[in-house]
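Me: Could you take me through the reasoning behind the labels on this model? I'd like the cut-offs along with the answers.

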Amino acid sequence: MSRPASTWPRIIVHADMDAFYAAIEQHDRPELRGKPLLIGGDSPRSVVTTASYEARPFGVGSAMSMVVAKRKCPQALIIPPRMHRYAEVSRQIMEVFDTFSPRVEALSLDEAFLDMTGAERLFGTPLDMAAAIKWAVRERTGLCVSVGVAASKYVAKVASDVRKPDGLCVVEPQDTLNFLHPLPISRLWGVGKRGEEQLRALGLATIADVAAADPTWLRGVLGSMGDHIYRLAQGDDPRPVVPDREAQSIGAENTLDEDVRGAAAIRPHLMHAADRIAWRLRRGSLAAGGVRVKLKTNRFALHTRQVALRPPSQNAGDLLDAALALLEHFDLREPMRLVGLAAFDLRDLAAPVQGELFGQGKRQKQQQLDAALDKLRERFGKGTVKRGSDV
Ligand code: TTP
Ligand code: MG
């Protein structure tokens, strides 16, 4: 018996883990299950990275200040993040996704697009695909992922979110507009808080309102954003799924307890970040082809500078050298409240190019030192090991 010809021009899956960091903590520590958790630091400047679903009814969520979140949900337990563990689970889910499609685009640690066009013979209908992915992620990690399937990235992304947690939502191509149009404009991709206010001021509240608006008028009042959201509101999003390791990055940043001013004061924070990033690169068998420094002034102005790293490296020393060179391209007169470093253009060292990445001599010594530091960290915990020059 043959299947009816597919009515799907493309089959795009978006998968996004539920309350990712919090769910991992609840998985690893059963005593935390069913409890409201706030994952984040507990200093006056800390922010919540994620709130468990038990905490969310109290109006707390990602990016909220920890102080405010504690006030809204005083019974919540505050759990310091364990980034290396989250990165490990992230790699596991990405490996699971890789078994479903050769075209996987990771958007962050906990979410990815999969292009599953043409995979019906292997996996069945789009609904079968979504169910299989959910099952495989649970099997591998014990965690729950919400999945949306649609004919475009945008609609798939909305679909994965509308039934969270433990969501599964398939939007058949012919139902795309029925699905989108009742939704509020905040569901339009790329419309921030300001854009939302602007649209509301223009009398546009739902995606249907945007779809029915005159596109020329929209472009007139909103510029290129007008074009963009008009197309989304028609369900029109031709962007391909791009399997790009290059687009991923590994970052470490800290909002500081006290502002710092000048290169000498910033340096130890970069050093610490470089160590952490190098550690994560090595755990993932990755090398960075570029380094980005991010500084936020005490008046919240954000500045970034980046540079390519040749040859790519997973050494803390190389990352740090590049970061320090970048510092010279910033205006460092203002006090900084946040110092961040990120490695991007990530190369997979599991592929057999490792030999040519690392020369002899100093670099090799550096690698041995980094590896020794990793071992100590794993034995005694992350905060214990610092380079002499850190102290
Ligand atoms: P999200 O997928 O946005 O959120 P979530 O997985 O916690 O919850 P859900 O998807 O069920 O709504 O982000 C994934 C992880 O990324 C999150 O667990 C913590 C981290 N994160 C931050 O560190 N800061 C942030 O501002 C956000 C939004 C997420
Ligand atoms: Mg998530």
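Reply: Here come the conventions, then the helix pairs, the cavity and the backbone oddities. This is a predicted model, where local features need pLDDT of at least 70 and side-chain atom pairs count only at pLDDT 80 or more, while totals for chains, interfaces and linings use all residues. Residues are numbered from 1 along each chain as its sequence is written, chains are lettered from A and ligands numbered from 1 in the order in which they are written, and side-chain values use heavy atoms, with hydrogens and water left out.

Me: Why is α3 called roughly parallel to α12?

Reply: The axes of α3 (residues 83–98) and α12 cross at roughly 30° and come within 11 Å. That angle makes α3 roughly parallel to α12, because angles under 35 degrees count as roughly parallel, over 145 as roughly antiparallel, 65 to 115 as roughly perpendicular and the rest as oblique. Axes here are lines fitted to C-alpha atoms, for helices over the stretch in contact, and angles run from 0 to 180 degrees between N-to-C directions. Helices (H or I, at least four residues) and strands (E, at least two) are DSSP runs, numbered from the N terminus.

Me: What makes the contact of α3 with α12, by class, what it is?

Reply: His84, Ala87, Glu88 and Arg91 of α3 touch Trp279, Arg280 and Arg283 of α12, contact meaning heavy atoms within 4.5 Å. By class that gives 2 nonpolar, 1 polar and 4 charged residues, because Ala, Val, Leu, Ile, Met, Phe, Trp, Tyr, Cys and Pro count as nonpolar, Asp, Glu, Lys and Arg as charged, and the others, Gly among them, as polar.

Me: And what makes α1 roughly perpendicular to α3?

Reply: The α1 (residues 20–28) and α3 axes come within 10 Å and cross at roughly 95°, which makes the two roughly perpendicular. Among the residues that meet are Phe20, Tyr21 and Ile24 in α1 and Met83, Tyr86 and Val89 in α3. The contact divides into 6 nonpolar, 2 polar and 3 charged residues.

Me: How do α12 and α13 meet, by angle and by class?

Reply: Their axes cross at roughly 145° and come within 8 Å, with α13 covering residues 316–327. Ile266, Leu270 and Met271 are among the α12 residues in the contact, and Leu319, Leu320 and Leu324 are among those from α13. The class count is 14 nonpolar, no polar and 3 charged.

Me: What makes the empty space a cavity?

Reply: On a 1 Å grid over the protein atoms alone, a cavity is a set of points where a 1.4 Å probe fits but cannot get out, and lining residues have an atom within 4 Å of a point. The structure holds 1 cavity of 30 Å³ or more, and the largest has about 40 Å³ of space; grid points are joined across faces, edges and corners, and a volume is the space filled by probe spheres set on the points. The lining is Ala252, Glu253, Asn254, His269, Ala273, Arg276 and Val339. Both β9 (249–260) and α12 (263–283) supply at least two residues of that lining.

Me: Which peptide bonds are cis?

Reply: One runs from Lys164 to Pro165, with omega near -10°, and Pro165 is in the loop between α6 (153–162) and β8 (168–170). Another joins Arg310 and Pro311 with omega about -5°, and Pro311 is in strand β11 (residues 302–313).

Me: Why flag the phi of Ala19?

Reply: Ala19 is not a glycine, yet has a positive phi of about 40°. Most residues other than glycine have a negative phi, and most peptide bonds are trans. Ala19 lies in the loop between β1 (12–17) and α1.

Note on methods:
On a 1 Å grid over the protein atoms alone, a cavity is a set of points where a 1.4 Å probe fits but cannot get out, and a pocket is an open set with protein on both sides within 12 Å along at least five of seven lines; lining residues have an atom within 4 Å of a point.
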